[in-house]
Each structure stands twice: as C-alpha cells, then as structure tokens.
Amino acid sequence: MFEPSQLETFLAVAQTRSFTQAARTRGIGQPTVSQHVRKLETAAGRQLVHRDTHSVSLTPDGEAMIGFARSILRAHEQASAYFSSERPTGRVRLGMSDDLALTGLPQILYDFGRDHPLVELELTVDQSGTLHRRLENDRLDLFLGKRVDDDQRGTLLSRERLVWVGTPGTSLDPAKPVPLVVYPNPSISRTQMQKALERAARPWRNVCICRGVNGLIAAVSAGIGVSSIAKSLMPANLVALGPEHGLPELGSVDLVLMSNPRSEAKSSVKALAATVLASDLSRVPQSRGGR
C-alpha cells in the first residue's frame, strides 16, 4: 500500500520542512518529491502536508505518518537484509556526538544488533568536530552528529535551531563579558556562540570548559555561565535566553549522517546507515542537552 521510496521522501520533507531540501537530501528532483507526497496522500486517503509558496508544515495525519513510515521502512530493511544472499559481516566504525548518544543511540544499537548479529560494531562517542577529523582520517566509517555551516556533505536528518541556555535566575551584566560554558576545540557550538557575540560586538570569556554534555549541563545549572544547546535537546532544568538578556541569535545547526568514501560501499556500513536513517532521533528525554 505504501511505497518505501514515497515514505523516504515524506520523511525527508518532514525532517527538513522543505521540498527543495528534501529533493537535495534524496538526490531527486523537486517535482518527484511533490509526486511522491501526492501519491502517499492518495494511498493514505488523507492530507499529510500543508504547503504553499512560503512554508511547509505537517497536518495531524502527517505527524502520525512519521512513526508509521519509520516502522514500515525499518521492517522493509529488515526483510531485505534477512532474505538477501549477502549477510553483512565484519566490523563497522560509528562515531556519534555525545548528546545524540544520550538520546537515539540505544535504539539504534538494539535494532542493528538484532538485525545484523554477525557485524562487530566499534562505537566512538565524542564532540562533532573531533569526529569530523576521525572520519577524514579514515578512523570512522559513519559519523552521526553536527556539521559546520559551509559543509554540504552528508545526508541531512534535521535542522536544529540553537538557543542560548541558562538558569531561570540568569542575569547578564551588559558591562561585563558574557561568561561562556564551552566544549574544547574543535567545537561547532562553541564557534557559533563566539562568532555570534563577535558580530554583535559583545565581549565574552570562557569560564568553564567541559569535555562532555553532562558536565556542560551541570556547569550551566550551577550558574557558572551560559551556553548553547539545540532547542529540541534542551533539558527541563534550563531555560532559553534571548534578546532580553542581550544575547544575539545563534542560527541553526544541521544534524547529518556522513559516510567514509573509502568504506561506504561495504554491506555492513550500508546496513548501519539504513538503521540510522530509519531511527527516530527526535524522541529526546527532557533531561538531555546538546553539543
């Protein structure tokens, strides 16, 4: 009833909220994206997407279809893997940013281990900037995390708005540098905070350097300073800060899946990539933060 290619295109639209971005993500033309969505809506007998010349949004039925689409694609991938003459074996090296490791990783590991028991998985959890370097140096097969603004590589999974975070009682003195809680370099969020403050001619200083997301959340919760987190990953004990605190807009960050061109053709790597793409990384515990 529901074609996998149409479901994959719908998920790309749902994740990017853009037919143009979905076409780029899927490697197809924009008219094909529109055709896939229309055919899926016909098969479902419901309108799934609101679209006009300015915006794309999902109907309530469209929101419900996200979960069904992921389940159908996961079952399709499992069946294809089971009945395929080639059963993936060997080792695959996955790098994942630590904020995402605290959210979607357990389900990814469970699904992959269940469907591909002959594959050995090597997992590295670290900062996105560090993992980019490991991928470039042929020390990873797949990378799941953030990419820098000018980097167009990888499959776009979602675009996240970065927000400043602090405690409910945070008050910043405009006469003093903004106290920042940051990750060690290379750090994408650290770079975006500093660039935004420089554009706004707002002085800043690093007051705490944390090597993990839990440390960053603890430091901000203690009132040591402020930091930035993807909006959907903001923990419940922190609040978003903004212009009323004299802080500039941070923009957005892309969550992507990137592969190593030296190993992306391996069956084990393709199998893990399919598992990641079928996973639901949007189900985030409220106590987690972002990097």
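Me: At roughly what angle do the axes of helix α2 and helix α3 cross?
Reply: The model is predicted. In it, helix α2 covers residues 19-26 and helix α3 covers residues 30-44. Their axes come within 8 Å. The crossing angle is roughly 100 degrees.

Me: Are α2 and α3 roughly parallel or roughly perpendicular to each other?
Reply: The axes cross at roughly 100 degrees. Angles of 65 to 115 degrees count as roughly perpendicular. The two helices, α2 and α3, are therefore roughly perpendicular.

Me: Which residues of α3 meet α2?
Reply: From α2, the contact takes in F19, T20, A22, A23 and R26. By class, the contact of α2 with α3 has five nonpolar, four polar and one charged residues. On the α3 side, the residues are Q30, V33, S34, H36 and V37.

Me: How many residues of α1 are buried?
Reply: Helix α1 runs over residues 4-16 and has 13 residues. Buried means under 20% relative accessible area. P4, Q6, L7, T9, F10, L11, A12, V13, A14 and T16 meet that cut-off. The helix is largely enclosed by the rest of the structure, because the buried residues of α1 number ten of the 13.

Me: How far does α1 reach from its first C-alpha to its last?
Reply: The expected span, at 1.5 Å a residue, is 18 Å. After the helix comes R17, with a positive phi near 55 degrees. From first C-alpha to last, α1 is close to expectation, at 18 Å.

Me: Which helix supplies the largest share of the largest nonpolar core?
Reply: This core has 20 residues, and F10, V13, F19 and V49 have the most contacts inside it. At least two residues each come from α1, α2, α3, β2 (56-58) and α4 (60-83). The largest share is six residues, and it comes from α1.

Me: Which residues does V49 touch, not counting those up to four places away in sequence?
Reply: V49 is among the residues with the most contacts inside the largest nonpolar core. Its partners include F10 and F19. The full list is F10, F19, V37, E41, V56, S57, L58 and T59.

Me: Does K195 count as buried, partly exposed or exposed?
Reply: K195 lies in helix α8, residues 188-199. Buried means under 20% relative accessible area, and exposed means over 50%. K195 has 47% relative accessibility, so the class is partly exposed.

Me: How far apart in space are K195 and L250, C-alpha to C-alpha?
Reply: In sequence, K195 and L250 are 55 residues apart. In space, their C-alpha to C-alpha distance is 8.7 Å.

How values were computed
Residues numbered from 1 in each chain as written. Predicted model: local features only at pLDDT ≥ 70, side-chain atom pairs only at ≥ 80, totals over all residues. Heavy atoms only, no water. Axes fitted to C-alpha atoms, helices over the stretch in contact; angles between N-to-C directions. Helix = DSSP H or I, 4+ residues; strand = E, 2+ residues; numbered from the N terminus. Parallel < 35°, antiparallel > 145°, perpendicular 65-115°, else oblique. Contact = heavy atoms within 4.5 Å. Nonpolar A, V, L, I, M, F, W, Y, C, P; charged D, E, K, R; others polar. Buried < 20%, exposed > 50% of the residue type's maximum accessible area, 1.4 Å probe, protein only. Expected span 1.5 Å × (residues − 1). Core = buried A, V, L, I, M, F, W, Y, C linked by side-chain atoms within 4.5 Å.
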